[in-house]
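Q: I would like a close look at one part of this protein, with the rest brought in where it helps to place that part. Please take the domains as the starting point, and go down to single residues where there is something to say.

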Amino acid sequence: MTGQVEFARMNGLGNKILVVDMRGRPDMVTPDAAIALNADPATQFDQIMAIHDPRADGTDAWIDILNCDGTKAQACGNGTRCVVQALSAETGRKTFTFQTVAGILNAQEHADGTISVDMGKPVFAWDKIPLAEEFFDTSRIELQIGPIDAPVLHSPSAMSIGNPHAIFWVDQDPMTFDLERFGPMLENHPMFPEKANITLAQVTSGDALRTRTWERGAGLTLACGSAACAAGVSAARTGRTGRTVTIDVATAPTRQPLVIEWREDDHVVMTGPAEWEWSGKVDPVTGIFDRDEEPEARAN
Ligand SMILES: N[C@@H](CCC[C@H](N)C(=O)O)C(=O)O
């Protein structure tokens with residue numbers, strides 16, 4: 001199929017998102033298009049959120065998620081908030097139900113502009129995360145890097161919130177670690193057959209964490225919503241915090257927090273902002289794009 005579609009450059013706490021409107025088309029944004037868009041500084045991104053026609057009754061859209069290296073992701077918290085804001089601006093509606101490869105996501109835009117997404121239930125079973133080795137308790141798995149008798153990072157909590165995460169607990173500011181060096185080693189560690197998103201998390205109080213993430217398929221990003229969910233759940237699971245935590249994402253430019261609530265019904269709800277930057281048209285096969293000449297002013 002040929003022809004351009006509408007897209008918007010947005011961000012969730014600095015996580016760079018392209019929201020691409022694929023409704024009315026049977027094809028998908030191609031990995032080649034993703035790689036081409038990421039190669040241009042104007043459209044360099046962390047994730048593409050492609051909105052497709054719904055595939056199931058009771059849902060508003062099917063969402064396909066691509067990382068900037070052209071691989072697929074099963075979940076993207078920050079990107080989902082961007083999709084909600086884009087569709088809310090288009091339709092005036094405030095609640096949405098999306099379908100992804102990982103399941104159904106319910107989301108709501110609040111009067112103050114923040115957006116809550118029910119990210120579903122966490123998965124702790126070792127073979128579902130997945131891990132390469134059997135662990136009865138995945139809240140603290142055997143994995144370390146650095147000298148054997150003085151590891152720099154060790155014993156992460158592992159889980160899936162649709163996508164795989166490893167949370168390494170640190171006592172210092174996560175910014176003091178060389179995540180650019182350790183991130184690729186851990187993302188591609190044999191322990192993670194589908195790779196993993198790698199987060200450093202510091203507990204700063206009984207209800208607050210400070211995090212920094214190396215994303216699978218995207219590298220160092222300014223924020224990662226699903227990692228914030230995984231950190232919040234893992235902190236509560238290991239007794240480090242209660243079930244509602246505020247996440248200070250160390251690299252996020254606005255320093256607005258994400259709030260993660262692991263509800264008693266086991267669902268994980270993430271609340272935070274989304275920001276529209278500019279719009280244009282893109283060929284989802286090649287990634288060739290045009291930026292709108294005069295983007296209409298839009299309140300976020
Ligand atoms: N930035 C996202 C996570 C994106 C997916 C990840 N890179 C993966 O491959 O699992 C978020 O906000 O959750």
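A: In this predicted model, the C-alpha centres of domain 1 and domain 2 lie 24 Å apart. Domain 1 is made of residues 5–119 + 275–297, and domain 2 of residues 144–266. To the contact between them, domain 1 gives 21 residues and domain 2 gives 23 residues.

The part to look at closely is the unit built from β12, α3 and β13. Strand β12 (residues 164–169), helix α3 (residues 179–187) and strand β13 (residues 197–205) form a β-α-β unit of right-handed sense. The two strands of this unit run parallel and are joined by 5 bridges. Within that pairing, Ala 166 faces Ile 198 of β13.

β13 has a further partner in strand β14 (residues 208–215), and here the pairing is antiparallel, over 7 bridges. The two strands make a hairpin, with 2 residues separating them. One of the bridged pairs is Thr 199 with Thr 213, the latter in β14. As general background, side chains along a regular strand point alternately to one face of the sheet and the other.

Next, the helix of the unit. Leu 179, Phe 182, Gly 183, Leu 186 and Glu 187 are the buried residues of α3. Viewed down the helix axis they fall within an arc of 125°, so they line one face of α3. The general reason for such a pattern is that an α-helix has 3.6 residues a turn, so residues three or four places apart point the same way. Glu 180 and Arg 181 are exposed and sit on the other side of α3. The cover over the buried residues of α3 includes both strands of the unit, β12 and β13, as well as β14. It also includes β9 (144–145), β10 (153–154) and β15 (219–220).

The loop that leads from α3 to β13 contains Lys 195. This residue has a positive phi of about 65°, although it is not a glycine. Its relative accessible area is 37%, so Lys 195 counts as partly exposed. Ser 155, in the loop between β10 and β11, also has a positive phi without being glycine, with a value near 50°. Ser 155 is buried, at 13% relative accessibility. For background, most residues other than glycine have a negative phi, and most peptide bonds are trans. An exception to the second habit is the peptide bond from Ile 129 to Pro 130, which is cis, with omega near -5°. Pro 130 lies in the loop between β8 (115–118) and β9.

Ile 129 appears again in the surroundings of Ala 158. Ala 158 belongs to strand β11 (residues 157–160) and is buried, with 0% relative accessibility. Apart from neighbours within four places in sequence, Ala 158 is in contact with Phe 124, Ile 129, Leu 131, Thr 138, Ile 141, His 165 and Arg 237.

The cysteines can be dealt with briefly. The model has 0 disulfides. For Cys 68, the nearest cysteine sulfur is that of Cys 76, 11 Å away. Cys 68 is buried, with a relative accessible area of 9%. Cys 229 is buried too, at 0% relative accessibility. Its sulfur is 8.6 Å from the closest cysteine sulfur, that of Cys 224, which is too far for a bond.

For comparison with α3, consider helix α1 (residues 31–39), whose buried residues are Ala 33, Ala 34 and Leu 37. They cover an arc of only 100° around the axis, so they lie on the same side of α1. The face turned away from that buried side carries the exposed residues Asp 32 and Ala 39. Among the elements covering the buried residues of α1 are β2 (15–21), β3, β4 (61–67), β19 (275–282) and β20 (289–291).

One of these covering strands, β3 (residues 47–52), holds His 52. His 52 is buried, with a relative accessible area of 3%. Leaving out residues up to four places away in sequence, His 52 touches Met 22, Arg 23, Arg 25, Asp 27, Met 28, Ala 61, Trp 62 and Asp 64.

Definitions and conventions
Residues are numbered from 1 along each chain as its sequence is written. This is a predicted model: local features need pLDDT of at least 70, side-chain atom pairs count only at pLDDT 80 or more; totals for chains, interfaces and linings use all residues. Side-chain values use heavy atoms; hydrogens and water are left out. Two strands pair if DSSP finds at least two bridges between them. Helices (H or I, at least four residues) and strands (E, at least two) are DSSP runs, numbered from the N terminus. A crossover is right-handed if, with the strands pointing away from the viewer, the path from the first strand over the helix to the second runs clockwise. Buried means under 20% relative accessible area, exposed over 50%, partly exposed in between (1.4 Å probe, protein chains only). The arc is that of the directions from the helix axis to the C-beta atoms. Contact means heavy atoms within 4.5 Å. A disulfide is a pair of cysteine sulfur atoms within 2.5 Å. Domain bounds come from an automatic or database domain assignment.
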